[in-house]
Amino acid sequence: MSNAEATASSDPTGSGTAEAAPAYNPEAARLRALLEPAVQANRLYLEDVSIIPGSHRVVHVVVDLPQEETGGVNLDVIADISRVLSDVLDNDPADDGRPYDLEVSSPGVGRPLTEPRHWHRAKGRMVKVNVIQGENVTGRVQSVDETGVTIIPEIAVKKGMKPKQGEPQTLPFDRIRNGKVEIEFSHLEEAGLEPEHNGPSEEA
């Protein structure tokens, strides 16, 4: 049986989730299947499992809230799920006995928005959308459905003036290459958001 040290942390920059797709790792895939039921039982979504190999492995697990919820995964929740996952790994019937450290984090705000669930999690937030065959759009996510995203564009104005909003624009998912949440410290009340929505425990 291995001894796990669960590290409760958040990822401020999103660096824990690389933009390039990692090479397929069968052991990481096996651990994902092992850990996912426990993550779901605690009303969380298993975003990613990766392994840093070596004689003392590091198992890095990224968890997020379900897509219908707003806000970020706070550190108390990270600490709780870390203990749960540590117990699961300690009782892994296929474990080879090597020691490991368990690190659990939530997506950072720098996470690229590449999946429909990412856009659901970004509702109400300011984003920059990289559009396929069209002009990129910066604006606030108004709504998300099964076909795409509706953005309220922000129109550039002179410095010191209040930003203007354009007419809502719907972008089908097949026209979106990716998106990224823009850090902002104003206009949050207009969107009904708390400042923590731009904090380190959330992604983008």
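This report walks through a predicted model, from its first helix and nonpolar cores to a set of paired strands and two individual residues.

**Helix H1 and its surroundings**

Let us start with H1, which spans residues 26–41. The helix has 16 residues, and the distance from its first C-alpha to its last is 24 Å, close to the 22 Å expected at 1.5 Å a residue. Follow the axis along and you will meet a kink of about 35° at leucine 35, shortly before proline 37. At the start of H1, asparagine 25 places a side-chain oxygen within 2.9 Å of the backbone nitrogen of glutamate 27. Just after the helix, arginine 43 has a positive phi of about 60°.

Which residues of H1 are buried? They are Ala28, Leu31, Leu35, Ala38 and Val39, so the kinked residue, leucine 35, belongs to a buried set that falls under the 20% cut-off for relative accessible area. The cover over the buried residues of H1 includes S2, S3 and H2.

**Two nonpolar cores**

The largest nonpolar core has 21 residues, and those touching the most other members are Leu44, Val59, Val61, Val63, Leu85, Leu102 and Val104. Two or more residues come from each of helix H1, strand S2 (45–52), strand S3 (57–64), helix H2 (75–90) and strand S4 (100–105). H1 gives the largest share, five residues. Separate from this one is a second core of 15 residues, with Ala122, Val127, Ile151 and Leu171 among its members.

**Strand S5 and its two partners**

Strand S5 (residues 126–131) is joined to strand S6 (residues 137–144) by four bridges, and the two run antiparallel. Methionine 126 has arginine 140 as its bridge partner in S6. The hairpin of S5 and S6 has five residues between the strands, and here glutamine 133 adopts a positive phi near 55°. S5 also pairs with strand S10 (residues 176–181), again in the antiparallel sense, over five bridges. On that side, valine 129 finds its bridge partner in glycine 179.

**Histidine 118 and threonine 170**

Two residues deserve a visit of their own. Is histidine 118 buried or exposed? Histidine 118, in helix H3 (residues 116–121), counts as buried because its relative accessibility is 3%, under the 20% cut-off. Beyond its sequence neighbours up to four places away, histidine 118 touches Glu47, Arg111, Pro112 and Leu113. A polar atom of the histidine 118 side chain also lies 3.2 Å from the backbone nitrogen of threonine 114.

Threonine 170 lies in strand S9 (residues 169–172). With a relative accessible area of 53%, threonine 170 is exposed, because the cut-off for that class is over 50%. Where does threonine 170 make contacts outside the four places on either side of it in sequence? The residues touched are Val149 and Thr150. Threonine 150 is 20 residues away along the chain, yet its C-alpha atom is separated from that of threonine 170 by 4.1 Å. Their side chains also make a polar contact, at 3.0 Å.

The polar atom pairs described above are gathered here for easy lookup.

| One side | Other side | Distance |
|---|---|---|
| Asparagine 25, side-chain oxygen | Glutamate 27, backbone nitrogen | within 2.9 Å |
| Threonine 170, side chain | Threonine 150, side chain | 3.0 Å |
| Histidine 118, polar side-chain atom | Threonine 114, backbone nitrogen | 3.2 Å |

Notes:
Residues numbered from 1 in each chain as written. Predicted model: local features only at pLDDT ≥ 70, side-chain atom pairs only at ≥ 80, totals over all residues. Heavy atoms only, no water. Buried < 20%, exposed > 50% of the residue type's maximum accessible area, 1.4 Å probe, protein only. Polar contact = N/O pair within 3.5 Å; in protein donor to acceptor, adjacent residues only side chain to side chain. Contact = heavy atoms within 4.5 Å. Core = buried A, V, L, I, M, F, W, Y, C linked by side-chain atoms within 4.5 Å. Pairing = 2+ DSSP bridges. Expected span 1.5 Å × (residues − 1). Bend = angle between axes of the 7 residues up to and from the residue.
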